[in-house]
Amino acid sequence: MSLTLSKKAGEVKPSSTLAITAKANKLREKGVDVIGFGAGEPDFNTPDNINECAIQAIRDGFTKYTPASGTAELKKAVSAKFKSFNHLDYGTDQIVISNGGKHSLTNIFTAIINEGDEVIIPSPFWLSYPEIVRLAGGVPVIVETTAEEDYKITPEKLAAACNEKTKAFILNSPNNPTGMIYEREELEALAKVIVEKDIYVVADEMYEYLIYGEEEHVSIASLGKEIYDHTITCSGLSKSYAMTGWRIGYTGASKEITKLMSSVQSHQTSNPNSIAQKAAYEALTGPQDKVQEMVKEFAKRRDYIYGRIKELPHTHVVEPKGAFYTFIDVSETFALSYKGEKVGDVQRLAAILLDDYNVAVIPCTDFGFPDHIRLSYAISMEQIQKGMDRIEAFLKELA
């Protein structure tokens, strides 16, 4: 038998966001002043109380294996947070602590998918969703939304996408890359379809604290017992607590699904990092003032960047309600010329901005929308202002 490699692994697309970030970092190493709008993580430091708790855990020797699905104390803290913030009753035997949100999703789809099961993913989507589904043996079914729908799937589109092979539907609110939020009435209508079609909904609520204005975060599982029984709720500490590198995510689900996820995780990773679990406990149970400070700062940046984008030529944008992204339609630029050559497509637009204007943006082809770019405002106001000036200068050069 000849030496071969996995076809499934070979079909996984590399992350375009990481590729853009890597290229921007190489330019910075050469001394180039690059403004990076690609960041999927807060530019704030992890709060000091969380850091100190982790340091103390090391000093106390809390560096051994923990239970595979997480420590009892952290599960209790997550259970309490689910109840107080999400209005959900998940006991500690319904919770799995994982190595970040991606790991939680990997656990979920490994636990529920059989080969060939379909998973409905509204487009635009976070680029990792289809890849995680495929690696678990599932088939991503992409359902496109429109700007007129605020890039949110309608109950009619969800129902039309369901068939006998449908196993689950991914609901991401607040959304990456659009910043959109599903309102209570919209969730109630989707919940009705989910229950009628008897499918799972994987509710990715990683950005749940990052809500602006008068908007509220509503967990779909909180809308009644039937939808609760059909929901797997997924969240974590990366975005809200500036803990991206700590790699702690968590899920709430039925006892049956939780048991399967715990079993899978026990063989894949043994357990989440012990020290990070201590830090996560402090994050959830300690002072929350730093979280509120970050949210206020993000809100200021959102207002500024959205205001600037609305005034730009050749672009269209819908106001983001949460997370820290703006999703911009740049399709009008493709037929315009830059230095005598048509812009052509979003990949070339992003390349021009990086090479000629030292601005890194994320082309959203891998997010299911090849005529949009994503800008993150998880960078300083000074950087945002400088970057927007450069983007405006580029757009005014087009003919």
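Okay, let's start inside the protein. The second largest cavity is lined by Leu 312, Thr 315, Ile 328, Val 330, Leu 349, Leu 353, Ile 373, Leu 375, Met 388, Ile 391, Phe 394 and Leu 395. One thing to keep in mind from here on: this is a predicted model.

So what kind of residues are we looking at around that space? By class, the lining of the second largest cavity comes out as eleven nonpolar, one polar and no charged. The space itself is about 60 Å³. If you want to find it on the screen, look for helix H13 (346-357), strand S15 (372-376) and helix H14 (381-397), since each of them supplies at least two residues of that lining. And which element gives the most? That's H14, with four residues.

Let's stay with S15 for a moment, as this strand is also part of a sheet. Four strands make up an open sheet, in the order S9-S10-S15-S14, and the pairing is antiparallel. Strand S9 (316-317) and strand S14 (362-363) are at the edges with a single partner strand each, so one side of each has no neighbour in the sheet. S14 pairs with S15 over two bridges, in the antiparallel sense. You can spot the pairing at Ile 362, which stands opposite Arg 374 in S15.

Now, back to cavities. How many of 30 Å³ or more turn up in the whole structure? Four. The largest cavity holds about 90 Å³ of space. Its lining has 14 residues, and the ones nearest the centre are Pro 122, Pro 124, Ile 170, Asn 172 and Asn 175. Strand S3 (118-123) and strand S5 (166-172) are the elements that give two or more residues to this lining. By class, the lining of the largest cavity has ten nonpolar and four polar residues, and again no charged ones.

Last stop: strand S8, residues 249-252. Are its faces covered or open? Both are covered, with Gly 249 and Thr 251 buried on one side and Tyr 250 and Gly 252 buried on the other. As a reminder, side chains in a regular strand alternate between the two faces of the sheet.

S8 also has strands to pair with. Strand S2 (residues 95-98) pairs with S8 in the antiparallel sense over four bridges, and there Val 96 has Thr 251 as its bridge partner. Strand S7 (residues 231-236) is joined to S8 by four bridges too, and these two run antiparallel as well. In that pair, Ser 235 is matched with Tyr 250.

That's the tour, so have a look for yourselves.

Conventions. Residues numbered from 1 in each chain as written. Predicted model: local features only at pLDDT ≥ 70, side-chain atom pairs only at ≥ 80, totals over all residues. Heavy atoms only, no water. 1 Å grid on protein atoms, 1.4 Å probe; cavity = no way out; pocket = protein on both sides within 12 Å on 5 of 7 lines; lining within 4 Å. Points joined across faces, edges and corners; volume = space filled by probe spheres on them. Nonpolar A, V, L, I, M, F, W, Y, C, P; charged D, E, K, R; others polar. Buried < 20%, exposed > 50% of the residue type's maximum accessible area, 1.4 Å probe, protein only. Pairing = 2+ DSSP bridges.
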